[in-house]
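Here's my quick note on the structure you asked me to look over. Have it open while you read, and follow along point by point.

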Amino acid sequence: MVKPNNDPGCRQFCVLNLAGFLARSEVNGPGIRAVLWVQGCPRRCEGCFNRAFQPFSPATLLPVSTLADTILSLEGIDGVTFSGGEPFAQAGPLALLGAAIRNAGLDVITYTGYTHEELSAGGEPAWPALLAATDLLIAGPYIARLAKPDPLTGSQNQQVIPLGTRLLPDGLPDTGSSRTEFTIARDGTVTATGFPEPALIRRIASHCRGT
Ligand code: SF4
């Protein structure tokens, strides 16, 4: 069990519990982006795409400083997307990482199962710091009956909220279609990301099983 880390005062020894990391993606926001999925989410959205990322169990534990060095050494990326799991359950270290990324001139997108109103009302001391380190917030729980094809959101209730001037609605991908991206790592691990249609995932899983 890894407790949510919301200590706003942590510095270089702060550790993030990561579920996954991609150095380059083109379906997690505008441009080419690194994507970081955190482990642990207190919400239990029916139909969640990332159920394996819900438990607050140790996955890959990495210091913020190590992650910042890794991300800032990547060439040709426009920004970084924080997803999960629930990023605001690890708001303290993510706020530090987001600030380092923004200081280097890159932009930050943060996904959350909380609504913007819930986050603005407070709850955890580090939430305002992560909001301040975020250029674009994609907020709200996934609601399966409101699912829709869209490049940024999984269901119609989710809010797309610019929190700064780096990512404005005019520069965002057109709505109306979703894209799925498959990445094959050197060790053969396949990562599917974006907002794949459930039927597509079922067909691929069936094909992989040979059924
Ligand atoms: S907030 Fe996201 S990760 Fe958490 S249960 Fe909902 S869809 Fe899954």
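Below are some numbered points on the core, one helix and the ligand.

1. First things first: this is a predicted model, so keep that in mind as you go.

2. Start with the inside. The largest nonpolar core has 41 residues, and Val-80, Ala-91, Ala-95 and Leu-130 have the most contacts inside it. Several elements supply at least two residues each, among them strand 1 (15–25), helix 1 (64–72), strand 4 (79–83) and helix 4 (127–132). The largest share, six residues, comes from helix 2. As a bit of background, nonpolar side chains tend to be buried together in soluble globular proteins.

3. Now zoom in on Val-80. Leaving out residues up to four places away in sequence, Val-80 touches Arg-33, Ala-34, Leu-36, Ile-71, Ile-101, Leu-106 and Val-108.

4. Helix 2 deserves its own look. Its buried residues include Ala-91, Leu-94, Ala-95, Gly-98 and Ile-101. What do the buried residues of helix 2 pack against? Their partners are strand 1, helix 1, strand 4, strand 5 and helix 4.

5. You can check the length of helix 2 too. It has 13 residues, so at 1.5 Å a residue it should span 18 Å, and its end C-alpha atoms are indeed 18 Å apart. Just after helix 2, Gly-105 has a positive phi of about 95°.

6. Last, the ligand. There are 14 residues around the ligand, and Cys-41, Cys-45, Cys-48, Gly-113 and Tyr-142 come nearest. Sorted by class, the shell has six nonpolar, five polar and three charged residues.

Technical notes:
Residues numbered from 1 in each chain as written. Predicted model: local features only at pLDDT ≥ 70, side-chain atom pairs only at ≥ 80, totals over all residues. Near = placed C-beta within 6 Å. Nonpolar A, V, L, I, M, F, W, Y, C, P; charged D, E, K, R; others polar. Core = buried A, V, L, I, M, F, W, Y, C linked by C-beta atoms within 7 Å. Buried ≥ 20, exposed ≤ 12 C-beta atoms within 10 Å, placed from the backbone. Helix = DSSP H or I, 4+ residues; strand = E, 2+ residues; numbered from the N terminus. Contact = placed C-beta atoms within 7 Å. Expected span 1.5 Å × (residues − 1).
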